[in-house]
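This briefing walks through one protein chain, topic by topic. Keep the sequence and the structure in view while reading.

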Amino acid sequence: MNSRTGTISSLLAMREQGNDAFAPFSGEPEVHIWTQALPRREDQLQTADAMDSGALTIEEHERMTKISRNSLLKAHCWMISRTFLRRVLAQYMQLQARDILFEYGTGGKPYLVGGPQFSLSHTNGLCVLAITSSNNDIGVDVEWVRPLLREKAIIQRFLTKEERDHVLEAICSGEESSSLLWKVLTSKEAWIKASGQSLCGQWRNLNTIQAIRNHEQLLEWAGQNYVLQSLEMGKSYSASLCVTGTEIPLIRWMNMDNHIQSYEGIGN
């Protein structure tokens, strides 16, 4: 049993023993989705200021200071996202938020030694955190849906032929193309994250059209299987989730107040 499996097993044991502390996993393959609102404009930073940043380390405060030299808004969004990440993970690890120790893998992706697999993404106004009950690698990506200035150039540069044909069909038929294009792009980014960044530079080779057009979640690349699916975040956002393996996990939507909002099958 490795350290991550041991941590998850101990959390399950807490649940079985009737411990009232947060015991997140049911024993079935699951992915938990947590969300956190972020300020969109600098006139909203009073709310951001009110959020306690005491969970952050000295190094993280220094990083926030560096970001603030270019953008106060970006600095506060980073602070809120990082504090949110630490507080949620602390519940799974049964630690104080500031005691969470991150390691960094390929491409700077953070991970936990002895903790669950997770992936974090943020965009204009929203931060999304995905945590899996399994040892499988995971990737999540969320983007604010808006028109792209160089939409056709992006379609030609980053999409496979099947993806291009699918998006261009929508454009020719008069459909709104931005949301469909963002769906393709977030799917690719989530897939890259789940691969541990090993697929960076493979944008034009990663074909998401099976998952998008045919609702077939299982994809394969270089002998590795992936489960890929869109997440419903409202019409202002596009979000995708990718997990390695062949088993479709249950999705649980979580919040900081009562931990569990609702359940849904990722294949629905």
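Two residues are in contact when heavy atoms lie within 4.5 Å. By that rule, and not counting residues up to four places away in sequence, histidine 166 touches Leu180, Ile209, Ile212 and Arg213. The model is predicted. The points below start with the helix that holds this histidine and then turn to other parts of the chain.

**Helix 6 and its surroundings**

- Histidine 166 is part of helix 6.
- Histidine 166 has a relative accessibility of 16%, and a residue is called buried under 20%, so histidine 166 counts as buried.
- Helix 6 covers residues 161-172, which makes 12 residues. These should span 16 Å at 1.5 Å a residue, and the end C-alpha atoms are indeed 16 Å apart.
- The buried residues of helix 6 are Glu163, Arg164, His166, Val167 and Ala170.
- Seen down the axis of helix 6, these buried residues fall within an arc of 165°, so they line one face of the helix.
- An α-helix has 3.6 residues a turn, so residues three or four places apart point the same way.
- Lys161 and Cys172 are exposed and sit on the face of helix 6 turned away from its buried side.
- Which elements cover the buried residues of helix 6? The cover includes helix 5, helix 7 and helix 8.

**The four-stranded sheet**

- An open sheet is formed by 4 strands in the order 6-9-8-7, with antiparallel pairing.
- Strand 6 (138-144) and strand 7 (218-221) are the edge strands, each pairing on one side only.
- On average, neighbouring strands of this sheet are turned by 25° against each other, direction ignored.
- Helix 7, made of residues 178-194, packs on the sheet and touches strand 6, strand 7, strand 8 and strand 9 (237-244). The direction of helix 7 makes about 150° with that of strand 6.
- Strand 6 and strand 9 run antiparallel and are joined by 7 bridges. Glutamate 143 has serine 238 in strand 9 as its bridge partner.
- Strand 6 is mostly covered, with 5 of its 7 residues buried.
- At the other edge, strand 7 pairs with strand 8 (residues 224-231) in the antiparallel sense over 4 bridges. Leucine 218 stands opposite valine 227 of strand 8.

**Aromatic pairs**

- The count of aromatic pairs comes to 4.
- One of them joins phenylalanine 158 and tryptophan 203, edge-to-face, at 5.6 Å centre to centre and with 65° between the planes.
- This pair links distant parts of the chain, 45 residues apart: phenylalanine 158 is in helix 5 (residues 151-158), and tryptophan 203 is in the loop between helix 7 and helix 8 (209-213).
- Phenylalanine 158 is partly exposed at 26% relative accessibility. Tryptophan 203 is also partly exposed, with a relative accessible area of 21%.
- The ring centres of tryptophan 191 and tyrosine 226 are 5.8 Å apart; planes over 60 degrees apart count as edge-to-face, and these are at 65°, so the pair is edge-to-face.
- Tryptophan 191 lies in helix 7 and tyrosine 226 in strand 8, so this pair links distant parts of the chain, 35 residues apart.
- Are tryptophan 191 and tyrosine 226 buried or exposed? Both are buried.

**A hairpin**

- Strand 4 (residues 118-123) and strand 5 (residues 126-132) pair in the antiparallel sense over 6 bridges. Within this pairing, serine 121 stands opposite valine 128 of strand 5.
- The two strands form a hairpin with 2 residues between them. Glycine 125, in the turn, has a positive phi of about 90°.

**Helix 4**

- Helix 4 (residues 72-93) has 22 residues and reaches 31 Å from its first C-alpha to its last, close to the 32 Å expected at 1.5 Å a residue.
- Of the 22 residues of helix 4, 19 are buried, so the helix is largely enclosed by the rest of the structure.
- Glutamine 94, just after helix 4, takes a positive phi of about 55°.

**Tryptophan 253**

- Tryptophan 253 is placed in strand 10 (residues 250-254).
- Tryptophan 253 is buried, with a relative accessible area of 10%.
- The C-alpha atoms of tryptophan 253 and valine 31 are separated by 8.6 Å, although the two residues are 222 residues apart along the chain.

Note on methods. Residues are numbered from 1 along each chain as its sequence is written. This is a predicted model: local features need pLDDT of at least 70, side-chain atom pairs count only at pLDDT 80 or more; totals for chains, interfaces and linings use all residues. Side-chain values use heavy atoms; hydrogens and water are left out. Two strands pair if DSSP finds at least two bridges between them. Axes are lines fitted to C-alpha atoms, for helices over the stretch in contact, and angles run from 0 to 180 degrees between N-to-C directions. Rings of Phe, Tyr and Trp (its six-membered ring) pair if their centres lie within 6.5 Å; planes under 30 degrees apart count as stacked, over 60 as edge-to-face and the rest as tilted. Buried means under 20% relative accessible area, exposed over 50%, partly exposed in between (1.4 Å probe, protein chains only). The expected span of a helix is 1.5 Å times one less than its number of residues. The arc is that of the directions from the helix axis to the C-beta atoms.
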